[in-house]
Amino acid sequence: MADPQVAFHFNADDKLAYGARLVRKGYLRGARMLVWGDPRQLEQLSHILWTQTPGDFVGHACPTDPAAVQTHSKVRLVAQLPEQAPEATMLVNLTDAFPGDAIDGYERVFEIVTAAPEDRQGGRQRWMAYRQAGIEPDRHDLGGSSA
C-alpha cells in the first residue's frame with residue numbers, strides 16, 4: 001500500500017477552527033474522515049461543527065455515540081486511533097502525537113500547527129518522525145489564517 005500524502009498546515013490562528021474548515025471541505029467532497037484529538041478538543045470541535053454558519057452543519061460521530069452511528073458517519077471524531085484504519089480516506093491529527101503505523105490505509109493526513117511555541121515544537125517532532133518513516137510531508141504556511 002502506498003504511503004499517504006501528509007500535509008502540514010503551519011501558523012493556523014486556531015487549531016480547532018482550522019480543523020473544522022478542513023473537515024467541512026472534505027465532508028462537502030464526500031470524503032470519509034477520522035479526526036484524532038483529545039476529549040476536550042473533540043468536544044469543542046463537535047460544537048464548532050454544529051454551530052458553523054447556518055446551512056453548514058457537518059454531520060459527525062463523537063466517541064460517545066453508539067457504534068451504529070459511528071459506523072455510518074462520514075466524519076468520526078476519535079480520542080484513540082483504531083489499530084486498523086476505518087473506511088476513511090483522510091486523517092486530521094489535532095494531537096501532539098505522531099500516528100505512526102496508524103496512517104496506513106489513509107490517502108491523506110493533515111497536521112495542523114499553530115504559532116504557539118509548544119505546538120510548533122510538537123509539529124517539528126512529528127515532521128521529523130514522518131521523514132524518518134520515509135514520508136516527505138508537504139508544507140503549507142497559513143500565515144496566521146484560521147478561516
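Me: By class, how many nonpolar, polar and charged residues does the lining of the largest pocket have?

Reply: Happy to start there. The model is a predicted one, and in it the lining of the largest pocket has 5 nonpolar, 2 polar and 4 charged residues.

Me: How do I read a pocket in the first place, and how much space lies in the largest one?

Reply: The general idea is friendly enough: rolling a probe the size of a water molecule over the atoms shows where empty space is left. Here, the largest pocket holds about 180 Å³ of space.

Me: Which residues line the largest pocket?

Reply: Walking along the chain, you meet His9, Tyr18, Arg21, Leu22, Lys25, Gly26, Arg29, Ala31, Met90, Arg108 and Phe110. Both α1 (15-28) and β5 (108-114) supply at least two residues of this lining, and α1 gives the largest share, with 5 residues.

Me: Then let's turn to α1. How do α1 and α2 cross?

Reply: Two packed helices are described by the angle between their axes and the distance between the axes. In this model, the axes of α1 and α2 (residues 39-51) come within 10 Å, crossing at roughly 55 degrees. α1 is therefore oblique to α2. As for handedness, the crossing of α1 and α2 is right-handed.

Me: Which residues of α1 and α2 meet?

Reply: From α1 come Lys15, Leu16, Ala17, Gly19, Ala20 and Val23, and they meet Gln41, Gln44, Leu45, Ile48 and Leu49 of α2. Sorted by class, this contact has 7 nonpolar, 3 polar and 1 charged residues.

Definitions and conventions:
Residues numbered from 1 in each chain as written. Predicted model: local features only at pLDDT ≥ 70, side-chain atom pairs only at ≥ 80, totals over all residues. Heavy atoms only, no water. 1 Å grid on protein atoms, 1.4 Å probe; cavity = no way out; pocket = protein on both sides within 12 Å on 5 of 7 lines; lining within 4 Å. Points joined across faces, edges and corners; volume = space filled by probe spheres on them. Helix = DSSP H or I, 4+ residues; strand = E, 2+ residues; numbered from the N terminus. Nonpolar A, V, L, I, M, F, W, Y, C, P; charged D, E, K, R; others polar. Axes fitted to C-alpha atoms, helices over the stretch in contact; angles between N-to-C directions. Parallel < 35°, antiparallel > 145°, perpendicular 65-115°, else oblique. Left-handed = near helix turned anticlockwise from the far one by under 90°. Contact = heavy atoms within 4.5 Å.
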